[in-house]
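Thanks for coming, everyone. I have one structure to walk through this morning, and I'll keep it short. Have a look at it first.

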Amino acid sequence: RFPVTTSLAPFVWALEWRHDAEFKKLAPEVQRNPQAPVLAIYSTTDGIVDWRSCLQDEDATHRNLRIDGAHTTMGSNPEAQAAVCRALAQ
């Protein structure tokens, strides 16, 4: 979900003047589900990103999966790794 709620947002706002004007026009496009299968893995205890920003509109090819863990350990979380493997195997 955009805009992403994060404690790092002030840095983005401070540098916004450097954002490409053409890229900024793509914001409505970025907010839609991609035309490819997506597994959104999120944690309510992330600590960096508000977990509600990670949720997508679910349908047959777009799913959300809640796991326990911090933002910085998400990639090494066995539950997250197993979910990615299952998603890639489909």
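Let me begin with a cysteine. C54 has a relative accessibility of 24%, so C54 counts as partly exposed. C85 comes out at 53%, and therefore counts as exposed. How many disulfides does the structure hold? Zero. Please keep in mind that this is a predicted model.

Now the overall layout. The protein has four helices and two strands. Going along the sequence, the order is α-α-α-β-β-α. The C-alpha trace spans about 40 × 30 × 15 Å along its principal axes. There are 90 residues, and 19% of them count as buried. The exposed area of the protein is about 6900 Å². Carbon and sulfur atoms supply 60% of that area. Then the contacts. Take those with a separation of 6 or more: 58% of them join residues 24 or more positions apart.

On to the strands. Two neighbours in sequence are worth a stop here. H62 sits in strand β2. Is H62 buried or exposed? H62 is buried, because its relative accessibility is 5%, and the cut-off for buried is under 20%. Setting aside residues up to four places away in sequence, H62 touches N33, P34, A36, V38, Q56 and D57. H62 and A40 are 22 residues apart along the chain, and their C-alpha atoms are separated by 7.8 Å.

Next, R63. This residue is also placed in strand β2, which covers residues 62-66. R63 has a relative accessible area of 42%, so R63 is partly exposed. Which residues is R63 in contact with, leaving aside its neighbours within four places in sequence? V38, L39, A40, Q56 and E58. The C-alpha atoms of R63 and V38 are separated by 6.3 Å. Along the chain, those two are 25 residues apart. V38 and Q56 turn up in the contacts of H62 and in those of R63.

Now the loop between β1 and β2. W51 is in that loop. Its relative accessibility is 26%, so W51 counts as partly exposed. Not counting residues up to four places away in sequence, W51 touches Y42, S43 and T44. For scale, W51 and L88 are 37 residues apart in sequence, and 23 Å apart in space, C-alpha to C-alpha.

That contact with Y42 brings us to the rings. The count is one aromatic pair. The partners are Y42 and W51: their ring centres are 5.8 Å apart and their planes are at 20°, so the pair is stacked. The stacking cut-off is planes under 30 degrees apart. Y42 is buried, because its relative accessible area is 12%. So the pair joins a buried Y42 to a partly exposed W51.

I48 lies in the loop between β1, residues 38-42, and β2. I48 has a relative accessible area of 33%, so I48 is partly exposed. Where does I48 show up on the surface? In a nonpolar surface patch of about 290 Å², made together with L8 and F11.

Last topic: charges. Side chains of opposite charge can pair when their charged atoms come close. How many salt bridges are there? Three.

One joins K25 and E22, with the closest N and O atoms 3.1 Å apart. K25 and E22 are exposed.

Another joins R52 and D50, again with the closest N and O atoms 3.1 Å apart.

Then there is D68 with R66, where the closest N and O atoms are 3.1 Å apart. D68 has 48% relative accessibility, so D68 counts as partly exposed. R66 has a relative accessible area of 40%, so R66 is partly exposed too.

To recap the interactions. Three salt bridges. One aromatic pair. Zero disulfides. And one nonpolar patch to look at, made by L8, F11 and I48. That's it from me. Over to you for comments.

Conventions
Residues numbered from 1 in each chain as written. Predicted model: local features only at pLDDT ≥ 70, side-chain atom pairs only at ≥ 80, totals over all residues. Heavy atoms only, no water. Salt bridge = Lys/Arg side-chain N within 4 Å of Asp/Glu carboxyl O. Buried < 20%, exposed > 50% of the residue type's maximum accessible area, 1.4 Å probe, protein only. Phe/Tyr/Trp six-rings, centres within 6.5 Å; stacked < 30°, edge-to-face > 60°. Contact = heavy atoms within 4.5 Å. Patch = residues over 30% accessible without salt bridge, like charges linked within 9 Å, V, L, I, M, F, W, Y side chains within 5 Å. Areas by Shrake-Rupley, 256 points an atom, 1.4 Å probe, with all protein chains shown as cover. Disulfide = S-S within 2.5 Å.
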